[in-house]
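Me: Could you take me on a close look at one part of this model? I would like to follow a single helix and its charged side chains, and then see how other charged and unusual spots are placed.

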Amino acid sequence: MSENGSAGRCCAPSRGESPRQVTATARSAAPADAWAVGMVHLPGGPFLMGAEDDWVVPQDGEGPVHPVRLVPFWIDRCAVTNAEFEEFADATGHITDAERYGWSFVFAGLLPDDFPDTRSVAEAPWWRQVYGACWRHPEGPGSELEERAEHPVVHVSWNDATAYAAWAGKRLPTEAEWEYAARGGLEQMVFPWGDELEPGGEHRMNVWQGIFPDRDTRADGWYGTAPVTTHPPNGHGLHNMCGNVWEWCADWYSPAYYARSPHDDPPGPSFGVERVIRGGSYLCHASYCRRYRVAARSSSTPDSSTGNQGFRCAREATPVRSR
């Protein structure tokens, strides 16, 4: 499958159902200032958003490059972990979309060799429908979170991410905020650290090495997700903005949006069918999906979940008490 074809989008396949109204879970709330823990304050200001280089996936709407100005905001240093999401779920009783549906998408390579045949995604057969797969059981029944407390939570939909953010006193970042944060203060570079994929032979993110989807050499040390602080942070102090897991953004997705988006704090389209996801994941590989870049975009329906889809949170620049 061509890297510019639909297989790239199927890095994070959609369920295909119509989006449901988000209903916030509010039986319990996080402490009033708990949101400040683990966040970085970014000053905002102008930057160039998008890309028009040789890495671009044209149909995703990565261009044109356009100036954007943001007000200051806060963003999580890392993706939300299993331990953090467990605290939320235990406090609120939140049931994720994957748990409601009774299944989620799991990468076939993470399943046992004797796993029974289940429905796959036609354009991306490495994705398998696994009954019982959810954030607590990432590869389905029998799989647990033991030793994965600091890995990013997966099998969470946009609806689930939004509910967590509201409980934590935060929100999801806009797509513009996400890209500004991912760039780490560098202008128009491909990755959060520069233009070279592996500078000096050093792996800077968790993506696929080898021949996808049959053989991963694990040269970066990981098969599947890695702990959220595995690689050095970018210039803003943020970890794993590319690779590891896709991250939900607040915006509706439109490939034509950049051509008409406002200069100041673009909020995304006013309506849509799919929400923006950013950053790529442990399954990204240059042979079919080069979306492990700061300007790369993809999307999924708000109720969809997969084993490589997580999120981090943001918040307006509200003064906080010294801790």
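Reply: Happy to: what follows begins with one helix and its charged residues, then moves on to other pairs, a surface patch and some backbone details. Please keep in mind that this is a predicted model.

Let's start with helix α5, which covers residues 175–183. The helix is mostly covered, with 9 of its 9 residues buried. Glu175, Ala176, Glu177, Trp178, Glu179, Tyr180, Ala181, Ala182 and Arg183 are the buried residues of α5. So there are charged side chains here that are kept under cover, among them Glu179, which counts as buried because its relative accessibility is 0%.

What does Glu179 pair with? Arg183 forms a salt bridge with Glu179, and the closest N and O atoms of the two are 2.9 Å apart. Arg183 and Glu179 are 4 residues apart in helix α5, so about one helical turn separates them. Both Arg183 and Glu179 are buried. The pair also belongs to something wider: salt bridges with shared partners join Glu175, Glu179, Arg183, Arg278 and Arg297 into one network. The side chains of Glu179 and Arg183 are listed as a polar contact too, at 2.9 Å. Just after the helix comes Gly184, with a positive phi near 65°.

From there we can widen the view to the salt bridges of the whole structure, of which there are 14. In one of them, the side chains of Asp76 and Lys170 meet with an N to O distance of 2.8 Å. Asp76 sits in strand β4 (residues 73–76) and Lys170 in the loop between α4 (158–167) and α5, so this pair ties together parts that are 94 residues apart in sequence. Asp76 and Lys170 are both buried.

Strand β4 is also the place of Phe73. With a relative accessible area of 0%, Phe73 is buried. The C-alpha atom of Phe73 is separated by 6.8 Å from that of Gly44, although the two residues are 29 apart along the chain.

Another salt bridge joins Arg136 and Glu86, with the closest N and O atoms 3.9 Å apart. For this pair the cut-off is worth recalling, because a salt bridge needs the side-chain nitrogen within 4 Å of the carboxyl oxygen. Arg136 is in the loop between β7 (124–131) and α4, while Glu86 is in helix α2 (residues 82–92), so the pair ties together parts 50 residues apart in sequence. Arg136 counts as partly exposed at 28% relative accessibility, and Glu86 is partly exposed as well, with a relative accessible area of 34%.

Next, consider Arg312, in the loop between β13 (309–310) and β14 (314–316). Is Arg312 buried or exposed? It counts as buried, because its relative accessibility is 0%. The side chain of Arg312 makes a polar contact of 2.8 Å with the side chain of Glu247. A polar atom of the Arg312 side chain also lies 3.5 Å from the backbone oxygen of Asn240. Along the chain, Arg312 and Met39 are 273 residues apart, yet 9.9 Å separates their C-alpha atoms.

Out on the surface, Glu52, Asp53, Asp54 and Asp195 form a negative patch. Asp53 has its place in the loop between β2 (45–49) and β3 (66–70). At 32% relative accessibility, Asp53 counts as partly exposed.

That loop brings us to the backbone. Most residues other than glycine have a negative phi, and most peptide bonds are trans. Pro64, which lies in the loop between β2 and β3, is joined to Gly63 by a cis peptide bond with omega of about 5°. A cis peptide bond also joins Phe212 and Pro213, where omega is about 0°. Pro213 lies in the loop between β8 (210–211) and β9 (215–216).

Finally, let's return to the loop between β7 and α4, where Glu147 is found. Glu147 has a positive phi, near 65°, and counts as exposed at 76% relative accessibility. His155 lies in the loop between β7 and α4, and its phi is positive, near 60°. Unlike an exposed residue, His155 counts as buried, at 0% relative accessibility.

Notes
Residues numbered from 1 in each chain as written. Predicted model: local features only at pLDDT ≥ 70, side-chain atom pairs only at ≥ 80, totals over all residues. Heavy atoms only, no water. Patch = residues over 30% accessible without salt bridge, like charges linked within 9 Å, V, L, I, M, F, W, Y side chains within 5 Å. Areas by Shrake-Rupley, 256 points an atom, 1.4 Å probe, with all protein chains shown as cover. Lys, Arg positive; Asp, Glu negative; His and termini not counted. Charge placed at Lys NZ, Arg CZ, Asp CG, Glu CD. Helix = DSSP H or I, 4+ residues; strand = E, 2+ residues; numbered from the N terminus. Buried < 20%, exposed > 50% of the residue type's maximum accessible area, 1.4 Å probe, protein only. Polar contact = N/O pair within 3.5 Å; in protein donor to acceptor, adjacent residues only side chain to side chain.
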